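Me: Please take a close look at one part of this model, the charged side chains and the elements around them. Give me one connected account.

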Amino acid sequence: MHPWERDARFLKKALKKGPPQYNVIVEIACTRSSDQLLGARKAYHSLFNRSIEEDLAFHIKGSERKLLVALVSAYRYEGSKVKEDTARSEAKALLNAINNGDKRKIVEDDEVVTILTARSKPHLKEVYEQYKKLSNKTITEDLEVELLLKEMMECLCTPQTYFTKIFDAALRDNANEGAKKALTRLVATQKGGEIKEVATKFEEQIEERVKGAYKDVLVGVLAKEG
Amino acid sequence: MATIDAPSQVSFQQDAEILRKACKGWGTDEKAIISVLGHRNAAQRKQIRLAYEELYQEDLVKRLESELSGDFERAVYRWILDPADRDAVLANVAIKKLSPDLHVIVEISCTRSPEELLAVRRAYQARYKHSLEEDVAAHTKGDTRTLLVALVTAFRYDGEEINTRLANSEAKILHDAVEDKKFNHEEVIRILTTRSKMQLMATFNRYSDDHGASITKHLQGDSGDEFLLVLRTAVRCLNDSKKYFEKVLHNSIRRMGTDEDALTRVIVTRAEKDLKDIKELYHKRNSVALEQAVAKDTSGDYKALLLTLLGKED
C-alpha cells in the first residue's frame, strides 16, 4: 500500500475509534513531512470522497476539534530559517496562555492553536528552547494536563521522546494490544535514522521479549541504514 | 471561457527577440510588449521567459520591471507570472498592507480550485519563506483570523457528489447562526471552510429555497463588523464567483477615479479562465460592454493591455 493511502486509512480508522485514538491523528499530522501529509489528504479524497478536514470537523464535537482540524490542514514551511525574536514572543504568548487560562481549555485557545499549527517545525523547536528559558519547565511538562497538546509538541519538537515512549509501552511486560499496535504503526511508517536510534536503545528488550515475525520486523529496523 | 487570444504555434525565441528589441536602447516599445505578451497563455509566457534567459542571460521579468512604470508595469508584472506565483504575490501584497486587503485573501482561497490553492501555497513558501497561513495569522486576529486561516488551508474534496440530507441540516445551521446574529462562528466556519464547493452550493440553494432569500442577503449588515464582511465575501465567492467578480469590476470602475488594483487583479487572473462569462454578465447588468467602461476609465499603455486581455482584436 502506498504510504499516503496507508496514512489516509489510519486517519479514518482513528476518527472512527474516537478520542482514545486521536493521538494517532496527532502522530500522523506531526511526524510526516508537509508533502507527505498533503499526499495523505489527497489519498483520503480518493478513498472516501470527502476531505479529511470535513470528516474531522463534522465528527469531532469536543474541544479538540479546532486543534485536530488545523493540524491536518497544515502545510508547514520546511526551510530552516527561524526568527529568534518571533520565537521568543510566541514562547511568551504560550506561557501566558498556559499560566493564565483555564488549563483544560488551552487546547481551544486560538493563539495556542494558531502558533502550533501554522509555524514551521524548526521555528517550533526554537519556541521550545525559548520557552525553557522563560519557564522552569519545558512546554511539554507544562502541558501535562492536555495530553494531545503534549504529544503534539513532542512529535513536532522532540520526536525521539515520543518514539521512545511508544517503544517503551510496547515492550513492557504488561503491554496491551493498543501499545503493540502503536509500535507496529510506528515501525511501518517512520523511516530511517530517527527511529533506528531509538530502537537501538531497546535492542536488549527486543531480543528478550519479542518473538517470531514481529521480532524480525523490529530487528530489521535496527539493521536498516539510517 | 477565456478571453485571451493566444496562437497555438509560437516561436519563443522570436518572442524573446521582439521583447529584447522592445526594451533595448532609448525608451520602450510598449505596443510590442503588449502585442506579444498580451497574446500568450501561461505555458507560453513561461517558455518565453526561459528563452529570454537563455538568449540574454537576464530575467525578463526584472528587465520589464525596470523598463516600465505605473499601472502598466504592475499589470504586466502580474500578467507575466505563473498563475500560482501571481496569486502568491497578490496574497502577500494584500496581507502586508497597513490595513490588509482581506477580501483578496478570501477571493484567492475561495475561487481557485483545491489543486490551484495548493500550488499557491507552495509558490508562497518558495517566495516568502513562510507558509501562507503563518503570514495570514500574523496579520489578523480573532474570529476573522480563524476564518481566514481555515479558508487558506482548506483542501476541499473536488467531486460532484452531494449529500442532500447534509445540505438540509447545514442550511439550517447556517440560518440559525445568521438569524441569531450572535453567530455560532464555529459551526459557520466549519461548514464554509471544509465542505466541497458542490456541497456548499447545494446547501446555499437549500437555504434560499427554505427562506426565500439568499444567504448573502441575510449576511448584509454592519459594515464595521470585519468578520461579517469576510464571511459574506467568502459566501459570495463560493456561491457564484462570476457574479462576485462582476461586482468587483463594477465597483472598481464606478467610483470617482478607478481602483486599478482591483481592475488589474480581476482581468489578469480571470483572462485565462472565465473572463468571457464575466464580461457577458457585466454587459447584462450595466448595459454597457466592459471594454467600453474600461476604455473610458483608463488610458495609455495600461488601457491597451487591459483591452488586449479582454479579447479586443489589435
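Reply:

**A covered helix and the charges around it**

Helix α5(A) is mostly covered, with seven of its nine residues buried. The buried residues in α5(A) are A:Arg65, A:Leu67, A:Leu68, A:Val69, A:Leu71, A:Val72 and A:Ser73. The model is a predicted one, and the predictor assigns the complex an ipTM of 0.87 and a pTM of 0.91.

A:Arg65, one of the buried residues of α5(A), also belongs to a network of salt bridges. That network links A:Lys12, A:Arg50, A:Glu54, A:Asp55 and A:Arg65 of chain A with B:Glu170, B:Glu186, B:Glu187, B:Arg190 and B:Arg195 of chain B. One pair inside the network can be given in detail: the side chains of A:Arg50 and A:Asp55 form a salt bridge, at 3.5 Å from N to O. A:Asp55 has a relative accessibility of 2% and therefore counts as buried. A:Arg50 is partly exposed, because its relative accessible area is 23% and the cut-off for buried is under 20%. The salt bridge thus pairs a partly exposed arginine with a buried aspartate.

Over all chains, the count of salt bridges comes to 45. Two further examples are in chain B. The side chains of B:Asp71 and B:Arg74 meet at 3.1 Å, N to O. These residues are three apart in helix α5 (residues 70-80) of chain B, so about one helical turn separates them. B:Asp71 is partly exposed at 25% relative accessibility, and B:Arg74 is partly exposed as well, at 36%. The other example joins the side chains of B:Lys97 and B:Asp101 at 2.6 Å, N to O. B:Lys97 counts as partly exposed, with 32% relative accessibility.

Charged side chains also appear in a surface patch. A:Lys81, A:Lys83, B:Lys96 and B:Lys129 make up a positive patch on the surface. Residues in such a patch have over 30% relative accessible area and no salt bridge. A:Lys83 is partly exposed, at a relative accessible area of 44%, and B:Lys129 is partly exposed at 36%, so both values are over the 30% that the patch rule asks for.

The patch leads back to the covered helix. A:Lys83 sits in the loop between α5 (65-73) and α6 (84-100) of chain A. On the chain B side, B:Lys129 is in the loop between α8 (114-128) and α9 (132-138). The backbone of B:Lys129 has a positive phi of about 60 degrees, although the residue is not a glycine.

B:Gln57 is another residue of chain B, other than glycine, with a positive phi, in this case near 50 degrees. B:Gln57 is placed in the loop between α3 (42-56) and α4 (60-67) of chain B. With a relative accessible area of 63%, B:Gln57 is exposed.

As for confidence, chain B has a mean pLDDT of 93, and 98% of its residues reach 70 or more. Within chain B, confidence is highest in helix α7 (residues 102-111), at 98, and lowest in helix α14 (residues 215-218), at a mean of 90. Where pLDDT is low, predicted coordinates should not be read in detail.

Conventions. Residues numbered from 1 in each chain as written. Chains lettered and ligands numbered in written order. Predicted model: local features only at pLDDT ≥ 70, side-chain atom pairs only at ≥ 80, totals over all residues. Heavy atoms only, no water. Patch = residues over 30% accessible without salt bridge, like charges linked within 9 Å, V, L, I, M, F, W, Y side chains within 5 Å. Areas by Shrake-Rupley, 256 points an atom, 1.4 Å probe, with all protein chains shown as cover. Salt bridge = Lys/Arg side-chain N within 4 Å of Asp/Glu carboxyl O. Lys, Arg positive; Asp, Glu negative; His and termini not counted. Charge placed at Lys NZ, Arg CZ, Asp CG, Glu CD. Helix = DSSP H or I, 4+ residues; strand = E, 2+ residues; numbered from the N terminus. Buried < 20%, exposed > 50% of the residue type's maximum accessible area, 1.4 Å probe, protein only. pLDDT = per-residue confidence, 0-100.
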